[in-house]
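You asked for a note that a newcomer could read beside the structure. The points below are meant to be followed with the model open.

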Amino acid sequence: MPSMPVLRATIALGLVALLAACEEEAPPEVAEARPVRTITVAEQLTGERVTVAGTVESQVQADLGFRIGGRLAGRLVNVGDVVTAGQELARLDPADEENGLRAAEANLAAAEAQLVEAESNYVRQRQLYDRGFLARAGLERAEAARNTALSATDAARAQYGIAKRRLNDTVLLADAPGTVVAIGAEPGEVVNPGRMVVQIARDEGLDAVIDVPAGIIGEQPDLSAEITVALSQNPAVTARGRIREVAPRADAVTGTFRVRIGLIDPPAELRLGSAVTATTTLDPVGSIEVPASALTSLDGQAAVWVVDSASMSVALRPVTVDRFTPAAVVVLDGLAPGDVVVTAGVQALRPGQTVRLAGAAS
């Protein structure tokens, strides 16, 4: 019978052999693939939508004033009045011009009388010369007097025309139909020639006038793009428009460019002075967008998890963000069309980890 120490050693060796056999037969532990949601990156043609506020103005706005100076005797229209072509808008005191016209009429009458006398004298002198009773010098003097009287009559007639026009110029008339949008003088004031008395917005179309930042002007070279103009108080009231005019220089204070958008068949609600917004989409460019939830960081830089389709493992890839939108991130560099990007569960991943698409078989 074996001794007790030998028996214990034999039992220990048996247990070791049994444990070793169990370890050899146990299958290796396999890491469980983590389910994730992904998207396949695709390049999209997108254009940034830009909205700028402005006001409605007439396409043609004329400052009307008198061609002569004088005291404003009366103004017959106010701001907001609708006028027709030929309608009287204002009137100067005509007293001085009436006196000038009467003086011109008198001068013209005197010149015409002198011309009649000179013509009659020339005819008599011509008859005497033809009969041989007058020397050549006498006929020439009569002819010179007639020509002088004729020139004086022409000058007097021209002065009469000027005086008559000046009297007509004491009345300011509308040259086209439109709406009065500004007043520059009140009755009793002495106005100089050319001073704006009434400003008329002509009925020749409406513009939406906006001030656009230089960056948008640079990104929007196609000035024929269609623009949607909406009434600020009621955005449901809209009209189509096209850029009609762009200021060649930026405003010295704001740095913006004044842009006039011609409205196409605007509704009645879009009236002069209405506050509006102009919206357009800049030229579309190729871009890659991923959901904002896909974004994480790598050493302080933006990054996303990219799935290797062959090994179904993930790797962290740095990306360059162009801009953020309300629902996505526009990536400028770091991704290519066809890349599979994880969009959910990014915080629980580690480099090289095996994943499976959510909803796919394990």
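The numbered points that follow go from the chain as a whole to its sheets, its helices and a few single residues.

1. This is a predicted model, and the whole of what follows should be read with that in mind. The protein chain holds four helices and 24 strands. Of its 362 residues, 31% are buried. Among the contacts with a sequence separation of 6 or more, 72% are between residues 24 or more positions apart.

2. A good place to begin is the barrel. Six strands close it in the order S3-S12-S15-S14-S13-S16, and their pairing is antiparallel. On average, neighbouring strands of this sheet are turned by 40° against each other, with direction ignored. Strands of a sheet pair through backbone hydrogen bonds, and they do so either parallel or antiparallel.

3. One pair within the barrel order can be followed residue by residue. Strand S14, which covers residues 238-246, is joined to strand S15, residues 256-264, by six bridges in the antiparallel sense. Which residue of S15 is the bridge partner of Gly241? The partner is Leu263.

4. The model also has an open sheet, in which four strands follow the order S4-S11-S9-S6 with antiparallel pairing. Its edges are strand S4 (61-64) and strand S6 (82-83), each of which pairs on one side only. Strand S9 (residues 178-183) and strand S11 (residues 198-202) run antiparallel and are joined by five bridges, and Ala182 has Gln199 as its bridge partner in S11.

5. Strand S5 (residues 70-75) deserves a look for its two partners. With strand S10 (residues 190-191), S5 shares two bridges in an antiparallel arrangement, and there Gly70 is partnered by Val191. With strand S7 (residues 88-92), S5 pairs over three bridges, again antiparallel, and Leu72 is found opposite Leu92.

6. Strand S1 (residues 34-40) takes part in both kinds of pairing. Towards strand S24 (residues 355-357) the sense is parallel, with three bridges, and Pro35 stands opposite Arg356. Towards strand S23 (residues 340-344) the sense is antiparallel, with four bridges, and here Arg37 stands opposite Ala344.

7. Turning to the helices, H2 (95-131) has 37 residues, and its first and last C-alpha atoms are 55 Å apart, close to the 54 Å expected at 1.5 Å a residue. The buried residues of H2 are Glu97, Leu101, Ala104, Leu108, Ala111, Leu115, Ala118, Tyr122 and Gln125, and they pack against H3. An α-helix has 3.6 residues a turn, so residues three or four places apart point the same way. After H2 comes Gly132, with a positive phi near 90°.

8. Does the span of helix H3 agree with its residue count, or disagree? Helix H3 (residues 136-168) has 33 residues, which at 1.5 Å a residue should span 48 Å, and because its end C-alpha atoms are 48 Å apart, the two values agree. Gly138, Leu139, Ala142, Ala149, Thr153, Ala156 and Ala163 are buried in H3, and the cover over the buried residues of H3 includes helix H2.

9. Two side chains can be examined for a charge over a ring. Arg146 lies over the face of Tyr122, at 4.3 Å from the ring centre, and Tyr122 is itself one of the buried residues of H2. As for rings paired with rings, a search of the whole structure finds zero aromatic pairs.

10. Finally, Ser297 serves as an example of a single residue, and it lies in strand S18 (residues 296-298). Is Ser297 buried, exposed or partly exposed? Its relative accessibility is 49%, and because partly exposed stands for values between under 20% (buried) and over 50% (exposed), Ser297 counts as partly exposed. Leaving aside residues up to four places away in sequence, Ser297 touches Ala303 and Leu316. The C-alpha atoms of Ser297 and Arg317 are separated by 9.2 Å, while these two residues are 20 residues apart along the chain.

Key:
Residues are numbered from 1 along each chain as its sequence is written. This is a predicted model: local features need pLDDT of at least 70, side-chain atom pairs count only at pLDDT 80 or more; totals for chains, interfaces and linings use all residues. Side-chain values use heavy atoms; hydrogens and water are left out. Two strands pair if DSSP finds at least two bridges between them. Axes are lines fitted to C-alpha atoms, for helices over the stretch in contact, and angles run from 0 to 180 degrees between N-to-C directions. Buried means under 20% relative accessible area, exposed over 50%, partly exposed in between (1.4 Å probe, protein chains only). Contact means heavy atoms within 4.5 Å. The expected span of a helix is 1.5 Å times one less than its number of residues. Rings of Phe, Tyr and Trp (its six-membered ring) pair if their centres lie within 6.5 Å; planes under 30 degrees apart count as stacked, over 60 as edge-to-face and the rest as tilted. A charge sits over a ring if NZ of Lys or CZ of Arg is within 6 Å of the ring centre and within 35 degrees of the ring normal.
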